[in-house]
Every structure is written in C-alpha cells, then in structure tokens.
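Trainee: Before the discussion begins, may I ask that each term be set against its definition? I should like to follow how every conclusion is reached.

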Amino acid sequence: MAAQIWFLRHGEAEPHGTREDSARRLTDRGEAQSRAAGIALHTLGVDIAHVFTSPKVRAHETARLACVAGVSGEPVAHEALVGLDERGARELAAIGGPHERILLVGHEPDFSQVVHDLTGARTDVKKGCVIGVRLLPGGGELIVLLRPRELAAIAGVPLA
C-alpha cells in the first residue's frame with residue numbers, strides 16, 4: 001500500500017449547464033491552477049508513483065496538465081474517482097508500494113469526506129487545491145493542505 005495519498009481537486013471548470021457535466025472543460029484559470037499544482041508538487045519534492053483521475057473531462061485535463069508541468073507519470077482514468085469513498089481511496093493506494101505516493105485527481109464533496117474519514121480533519125477543498133495524507137494503520141494523518149494561491153506562489157507562476 002502507498003505510504004501517502006495526495007489529492008488534487010480539478011481546477012476551475014466551465015459553469016454548470018454549459019455542456020453535459022462529465023464533458024465540462026477547464027477554464028483558462030483552471031488550466032493555470034492545474035499547471036501550478038504540478039510545478040508546486042515537483043518543487044516540493046513530492047515524487048508521485050501513480051496518478052489516477054476521474055474520467056470526467058475537467059479532472060482528466062487537470063491531471064494531464066499537472067503531469068506535463070512537473071508530476072511524473074501518465075494519468076490513468078479510474079471510475080472509483082467518481083463518488084470516491086475511503087474504501088476506494090485505500091484500494092487505489094494498494095496499487096502503490098509501501099514507500100510510494102499516489103495522486104488522486106477528482107471532485108468535491110468526495111475529497112473532503114475521504115480526508116475526514118482518513119484523518120478526522122475538516123477541510124475546505126477549493127478547486128485546484130492539493131491535500132497530502134500519510135496513511136497509517138486504521139487511519140491517516142493530514143500532512144498538508146495547499147490552496148491554489150499557495151500552490152501558485154510555490155510554483156512562482158501567476159493564476160489566470
């Protein structure tokens with residue numbers, strides 16, 4: 001099982017009603033948030049072994065841009081990231097080795113609930129936010145929560 005799960009909520013997307021929900025794309029700001037997250041994770045030395053993304057377009061675009069910007073690996077779409085729960089997160093973590101980190105790219109309110117279920121922490125997971133959780137037997141420990149502006153500052157890039 002992976003030692004850590006890192007969560008990246010998709011970047012800002014087109015408004016509801018623009019197109020079918022699963023086909024909504026990132027806005028320019030959402031693309032900038034995604035690139036900043038990738039650069040920031042790389043800058044912080046967070047080596048990711050596996051990247052799993054929701055198959056929804058906005059999440060897949062976020063994962064792809066974060067990988068191009070600095071997160072190693074290719075994003076793999078996984079249905080478990082639509083309606084993710086703690087069990088699904090642990091099943092994805094089981095793919096990783098005992099000293100690896102995985103990155104999950106997906107949605108709210110799933111991420112805040114999974115982080116709560118793992119750590120007991122109450123979080124406000126903004127679009128483009130990154131959260132790191134260290135997995136422990138029977139639970140987890142919140143490592144970090146970085147909002148888009150903090151990620152952009154670490155990455156040294158402006159948000160659109």
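Trainee: What makes up the secondary structure of the chain?

Mentor: In this predicted model, the chain comprises five helices and six strands. Along the sequence, they follow the pattern β-α-β-α-β-α-β-α-β-β-α.

Trainee: How do you know that the radius of gyration of the chain agrees with a compact globule?

Mentor: The rule is 2.2 Å times the number of residues to the power 0.38. For 160 residues it gives a value near 15 Å, and the chain has 14 Å, so the two agree. The C-alpha atoms fill a box of roughly 40 × 35 × 30 Å along the principal axes.

Trainee: How do you know that the span of helix 1 is as expected?

Mentor: Helix 1 covers residues 28–43, that is, 16 residues. At 1.5 Å a residue, the helix should span 22 Å; its end C-alpha atoms lie 22 Å apart, and therefore the values agree. Glycine 45, with a positive phi near 75°, follows helix 1.

Trainee: Why are residues such as Gly30 and Leu41 in helix 1 called buried?

Mentor: The term requires under 20% relative accessible area. Gly30 and Leu41 are therefore called buried because they fall under that cut-off. Also buried in helix 1 are Ala32, Gln33, Ser34, Ala36, Ala37, Gly38 and Ala40. Across the chain, buried residues account for 49% of the 160 residues.

Trainee: What do the buried residues of helix 1 pack against?

Mentor: Their partners are strand 1 (4–9), helix 2 (57–69), strand 4 (101–106), strand 5 (130–136) and helix 5 (148–155).

Technical notes. Residues are numbered from 1 along each chain as its sequence is written. This is a predicted model: local features need pLDDT of at least 70, side-chain atom pairs count only at pLDDT 80 or more; totals for chains, interfaces and linings use all residues. Side-chain values use heavy atoms; hydrogens and water are left out. Helices (H or I, at least four residues) and strands (E, at least two) are DSSP runs, numbered from the N terminus. The expected span of a helix is 1.5 Å times one less than its number of residues. Buried means under 20% relative accessible area, exposed over 50%, partly exposed in between (1.4 Å probe, protein chains only). Contact means heavy atoms within 4.5 Å.
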